[in-house]
Amino acid sequence: PKMSGPEVRQAFLSFFQGRGHTKLPSSSLVPEDPTVLLTIAGMLQFKPVFLGQAPRKVARATTSQKCVRTNDIDNVGATARHHTFFEMLGNFSFGDYFKKEAIMWAWELSTVVYGLPPDHLDNAQIAIMWAWELSTVVYGLPPERVWVSVYEEDEEALALWRDVVGVDPSRIRKMGAADNFWASGPTGPCGPCSELHHDFTPVELYYDFHPERGTGPEVTLEDDSRFIEFYNLVFMELNRDAAGTLTPLAAKNIDTGMGLERMAQILQGVPNNYETDLIFPIVAKAAELAGLDYAAAPPAAQTALKVIGDHVRAVVYLLSDGVLPSNVGRGYVLRRLLRRVIMKGRLLGIQGEFTPAVAQVAIALSGDCDPAVAGNAGRIIAEMAREEALFSATLSKGQKQLDDMLARALAAGSSSSSDGGSSSSGPVLAGADAFLLYDSFGFPLELTRELAEAAGVALDDPGFEAAMAAQRARSSASREAVDLTADGGLSQLAAALPAGTSFEGYGASDLVLAG
Ligand code: ATP
Ligand code: MG
Ligand code: MG
Ligand code: MG
């Protein structure tokens, strides 16, 4: 029987609770850490402990952490595996996993199926063995379907996977620092990581000879049609100071993250995270409101429905955690996500207020992730309805502007084609016009394009990009003055972000913790 999303979550937490980890609640999406805009990883609530700035409350912890990563927004709906909102399952060691190795090992040995262990284990070794056991025993992934990556200089991890766990060396890949060295920012705790990837190769191709499905050096874990990264183990052992000097942390730590939706995708045998039981009911509700059958809908409509499924979850949890739509900081992230939902809904032909109905489904699914959401349902729904009304008014205002611009473009287009003769180009909406709509009227480019094309007017993309780049240069100039690591940096950051800042404006703060 396939594991449901809640069962995948529970299996992880129970596995580590059974190994001495205290199950701790997810922290809020609004982090205490002033240098990060939103919670983007499970480790964030433990960062002061990892940095030695706060005493540890427990030696080992396991959590299912609500995360929002706006740096992945362009991947939403485009890849099968990226969300803005997702849950990261994690197990953490705060200078632990050392003393009790003999006892723990005895227990491990009786349940795990791989070869004989060395008699001394350190924290990295234990983390690797547990990751393997979890993937192949608890979740039952066929061992030959699991590939691993190690940091290119981490010979110890390589040897562990190969000699202790017994992974065939052809399925172990060395990766550079970009993928497999984790840092919490320019300064702070860091260390090598090791990632587990699932191989989706269909059985019939896997066992026959198919060079493109083989295990030779030409195979790369970056092949997204074949592999999915589902679990990242960080061996946090170093601290980098402002001068770039690496010094060993007083206590070596373990920080891990497994994407709940990704493991659910793998175990439920569906082609993407959106079709798991964790998200699909939201997608299906949006499809129903649009009068569409998701499975039969054209790819562009399916993508729009996935974006709705993703963003509605993000909006619901952000509102529940107290973020309100605004033009700065987190409120701006929330506003843009919600407006994208509304825009996608309009493009799908949904008329009238619809976000509360879709949000109700997300709220109904939220119980195991965050029990507080149900209690906040009234407030969440009211905020969404308010913002939808506001944005619908903005859309009608922008629509008037756009109509004028399109009329001008059509007039200019037809006069130029009648006198020029040689020009093959029809009417074009100037990039500056599209940018004005986007920047001053909050009118999304996709919507502009869609409506312009329906009127027979093409969009001047390079012109739009140029106007956008100029705006970005202006906002990054103002952002350079902000010290992201300074205490109280967040209010400074939020204040420095202009109302029209695009999502890219958040990259710097989002990526601070992205592995
Ligand atoms: P990817 O390379 O796929 O973007 P990542 O290396 O950026 O993932 P990590 O920072 O290592 O991700 O996070 C730990 C785990 O969290 C990943 O192995 C993955 O399972 C999950 N994860 C990361 N980003 C996302 C996302 N945007 N949506 C869903 N799950 C995610
Ligand atoms: Mg990765
Ligand atoms: Mg990523
Ligand atoms: Mg990773």
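In this predicted model, G5, V8 and R9 of helix α1 meet L260, M263, A264 and L267 of helix α8. Sorted by character, the residues of this contact comprise five nonpolar, one polar and one charged. Two packed helices are described by the angle between their axes and the distance between the axes. Here, α1 spans residues 5-17 and α8 spans residues 260-268, and their axes come within 9 Å while crossing at roughly 115 degrees. The crossing of α1 with α8 is right-handed.

This helix pair belongs to a protein chain with 19 helices and eleven strands. Of the 515 residues in the chain, 45% are buried. Contacts that reach along the sequence are well represented: among those between residues at least 6 apart, 71% join residues at least 24 apart.

Turning to the strands, β3 (residues 85-94) makes a good starting point. Ten of its ten residues are buried, so β3 is largely enclosed by the rest of the structure. In a regular strand the side chains alternate between the two faces of the sheet. In β3, F85, E87, L89, N91 and S93 point one way, whereas F86, M88, G90, F92 and F94 point the other way. Residues of both sets are buried, with E87 included.

Strand β3 has antiparallel pairings with β2 and with β9. Nine bridges join β3 to β2, which covers residues 60-68, and the two strands run antiparallel. Within the register of this pairing, E87 of β3 stands opposite K66. Five bridges link β3 to β9 (residues 246-259), again in an antiparallel arrangement. There, M88 has G259 of β9 as its bridge partner.

Another strand, β5, takes in residues 172-175 and contains I172. This isoleucine has 18 C-beta neighbours inside 10 Å and therefore counts as partly exposed, since a buried residue needs 20 or more. Beyond residues up to four places away in sequence, I172 touches V148, V150, L158, W161, R162 and V167. One of these partners, V148, is 24 residues from I172 in sequence, and the two C-alpha atoms are 5.0 Å apart in space.

Two further positions, one in a helix and one in a loop, complete the survey. T303 is found in helix α10, which runs over residues 299-320. Because T303 has 16 C-beta neighbours inside 10 Å, it counts as partly exposed. Leaving aside neighbours within four places in sequence, T303 is in contact with G77 and A78. As for G166, which is 137 residues from T303 along the chain, the C-alpha atoms of the two residues are separated by 40 Å.

E353 has its place in the loop between α11 (329-347) and α12 (355-364). With 14 other C-beta atoms within 10 Å, E353 is likewise partly exposed. The contacts of E353, apart from neighbours within four places in sequence, are with A385 and E388. Between E353 and I342, eleven residues apart in sequence, the C-alpha to C-alpha distance is 8.9 Å.

Terms used:
Residues are numbered from 1 along each chain as its sequence is written. Chains are lettered from A and ligands numbered from 1 in the order in which they are written. This is a predicted model: local features need pLDDT of at least 70, side-chain atom pairs count only at pLDDT 80 or more; totals for chains, interfaces and linings use all residues. A residue is buried if 20 or more other C-beta atoms lie within 10 Å of its own, exposed if 12 or fewer, and partly exposed in between; C-beta atoms are placed from the backbone. Helices (H or I, at least four residues) and strands (E, at least two) are DSSP runs, numbered from the N terminus. Two strands pair if DSSP finds at least two bridges between them. Two residues are in contact if their C-beta atoms, placed from the backbone, lie within 7 Å. Axes are lines fitted to C-alpha atoms, for helices over the stretch in contact, and angles run from 0 to 180 degrees between N-to-C directions. A crossing is left-handed if the near helix is turned anticlockwise from the far one by less than a right angle, and right-handed if clockwise. Ala, Val, Leu, Ile, Met, Phe, Trp, Tyr, Cys and Pro count as nonpolar, Asp, Glu, Lys and Arg as charged, and the others, Gly among them, as polar.
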